[in-house]
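Reader: I'm new to this one and would like a close look at a single part rather than a quick tour. Could you pick a spot and walk me through what is going on around it?

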Amino acid sequence: QVVLVESGGGLVQFGGSLRLSCAAPGRTFSSYTMGWFRQAPGKEREFVAAISSRAGTIDYADSVKGRFTISRDNVKNTMYLQMNSLKPEDTAVYYCAARPYLNPTRVISGYTYWGQGTQVTVSS
């Protein structure tokens, strides 16, 4: 079973920053497109950002453009989400996801592997 492990969540004030990390499978990591999704209480899981296997293509949801930065380190087998200018509406459980294809997608069903989630709470 492929296990993705998120970390870096926590409580932050409005306008603050957090960096999430996702530890991914080993030798095949560089062949996987990676994505971040989030789910707020009472809402559906939604797309946040995705990055292609070699970081050539990056996609952001409109709600986070200009504030969040997705990146990956294929040597460390880790994906990151730098979140700046955080708002209360960013409060959610953030999930790391992976798919064994070169190109990203915003569709949840397009991802094969998921992490357990990490809580991000932004106070007003």
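Author: Let's start with Arg 38, bearing in mind that this is a predicted model. At 5% relative accessibility, Arg 38 counts as buried, because the cut-off for that label is under 20%. Its surroundings fit that picture: Arg 38 sits in strand β4, residues 33–39, and 6 of the 7 residues of β4 are buried.

Now for the neighbours of that strand. β4 runs antiparallel to β9, and 7 bridges join the two. One of the facing pairs here is Thr 33, which stands opposite Arg 99 in β9. β4 also pairs with β5 (residues 46–51), again in the antiparallel sense, over 5 bridges. β4 and β5 make a hairpin with 6 residues between them. In the turn you'll find Gly 42, with a positive phi of about 75°. Across this hairpin, Arg 38 stands opposite Glu 46 in β5.

So much for the backbone; what does the side chain of Arg 38 meet in a salt bridge? That would be the side chain of Asp 90, at 2.9 Å from N to O. The two come from distant parts of the chain: Asp 90 belongs to the loop between β8 (78–83) and β9 (92–99), 52 residues apart from Arg 38. Asp 90 is buried too, with a relative accessible area of 0%.

Asp 90 has another partner as well. Arg 67 forms a salt bridge with Asp 90, and their closest N and O atoms are 2.7 Å apart. Arg 67 lies in the loop between β6 and β7 (68–73) while Asp 90 is in the loop between β8 and β9, so this pair ties together parts that are 23 residues apart in sequence. Arg 67, at 11% relative accessibility, also counts as buried.

Put these pieces together and you get a network of salt bridges linking Arg 38, Glu 46, Arg 67 and Asp 90. Glu 46, then, turns up twice in this story: opposite Arg 38 in the strand pairing, and as a member of the network.

For a contrast, look at another of the 5 salt bridges in the structure. The side chains of Arg 106 and Asp 59 meet at 2.7 Å, N to O. This pair also links distant parts of the chain, with Arg 106 in the loop between β9 and β10 (113–114) and Asp 59 in strand β6 (residues 58–60), 47 residues apart. Here, though, Arg 106 counts as partly exposed at 41% relative accessibility, and Asp 59 is partly exposed as well, at 22%.

Note on methods: Residues are numbered from 1 along each chain as its sequence is written. This is a predicted model: local features need pLDDT of at least 70, side-chain atom pairs count only at pLDDT 80 or more; totals for chains, interfaces and linings use all residues. Side-chain values use heavy atoms; hydrogens and water are left out. A salt bridge is a side-chain nitrogen of Lys or Arg within 4 Å of a carboxyl oxygen of Asp or Glu. Helices (H or I, at least four residues) and strands (E, at least two) are DSSP runs, numbered from the N terminus. Buried means under 20% relative accessible area, exposed over 50%, partly exposed in between (1.4 Å probe, protein chains only). Two strands pair if DSSP finds at least two bridges between them.
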